[in-house]
Amino acid sequence: QVQLVESGGGLVQAGGSLRLSCAASQRTFSRCAVGWFRRAPGKEREFVAGINWSGTSTYYANSVKGRFTLSRDNAENTVYLQMSSLKPEDTAVYYCAATGKPLYSSSEYERRLIYDYWGQGTQVTVSS
């Protein structure tokens, strides 16, 4: 069992930046593919970005490409989502998810059901 804890959310003005963290206490997290999803009020949970276990491959939704950057520090068992040039439409609860299954394509990272573990989420609010 891998327990995930997100942090770093908050209130920011449009154009600002935030860095979200997804931390796990289990060492097996370093071998997991990780995805970030978000759910805006009244909308379905949607894929934001994904990263493989080694950090050598990343995938992004078109809506965040060029603004968000994923990275990971396996020594710290943490994945980071750096969000820049934030827009009001980025307002959502952000969730990280992990799976021990190897994922090889964006379409796989986008599939919510492929993930075994989910965090509780962190709220990001972008004011205009």
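A residue counts as buried when its relative accessible area is under 20%. Keep that cut-off in mind for this predicted model, starting with Cys22, which has 0% relative accessibility and is therefore buried.

**Stop 1: the disulfide**

Select Cys22 together with Cys96. Their sulfur atoms lie 2.1 Å apart and form a disulfide; the structure holds 1 such link. Cys22 belongs to strand β3 and Cys96 to strand β9, so the bond ties together distant parts of the chain, 74 residues apart. Set a dihedral about the S-S bond: the value is 65°, and the link is right-handed. Like its partner, Cys96 is buried, because its relative accessibility is 0%.

Now add Cys32 to the selection. Why does Cys32 not bond to the closest cysteine sulfur? That sulfur is in Cys22, 9.7 Å away, which is too far for a bond; a disulfide requires the two sulfur atoms to be within 2.5 Å. Cys32 has 4% relative accessibility, so Cys32 too counts as buried.

**Stop 2: strand β4 and its partners**

Select residues 33-39, strand β4. Of its 7 residues, 6 are buried, so the rest of the structure largely encloses this strand.

Next, show residues 92-99, strand β9, which runs antiparallel to β4 and is joined to it by 7 bridges. To find the register, pick Phe37 and look across to Tyr95 in β9, which stands opposite. Strand β9 is also where Cys96 from the first stop sits.

Then show residues 46-51, strand β5. Here β4 has another antiparallel pairing, over 5 bridges. For this pair, select Arg38 and find Glu46 of β5 opposite. Strands β4 and β5 make a hairpin, with 6 residues between them. In the turn, check the backbone of Gly42, whose phi is positive at about 75°.

**Stop 3: the open sheet**

Clear the selection and display β1, β3, β8 and β7. In that order they make up an open sheet of 4 strands with antiparallel pairing. Which strands stand at the edges? They are β1 (4-7) and β7 (68-73); each has a single partner strand, so one side of each lacks a neighbour in the sheet. From one strand to the next, the twist averages 15°.

Finish at the β1 edge. Residues 18-24 are strand β3, antiparallel to β1 and joined to it by 4 bridges. Select Ser7, and Ser21 in β3 is the residue opposite. Strand β3 also carries Cys22, which brings the tour back to the disulfide with Cys96.

How values were computed
Residues are numbered from 1 along each chain as its sequence is written. This is a predicted model: local features need pLDDT of at least 70, side-chain atom pairs count only at pLDDT 80 or more; totals for chains, interfaces and linings use all residues. Side-chain values use heavy atoms; hydrogens and water are left out. Buried means under 20% relative accessible area, exposed over 50%, partly exposed in between (1.4 Å probe, protein chains only). Helices (H or I, at least four residues) and strands (E, at least two) are DSSP runs, numbered from the N terminus. Two strands pair if DSSP finds at least two bridges between them. Axes are lines fitted to C-alpha atoms, for helices over the stretch in contact, and angles run from 0 to 180 degrees between N-to-C directions.
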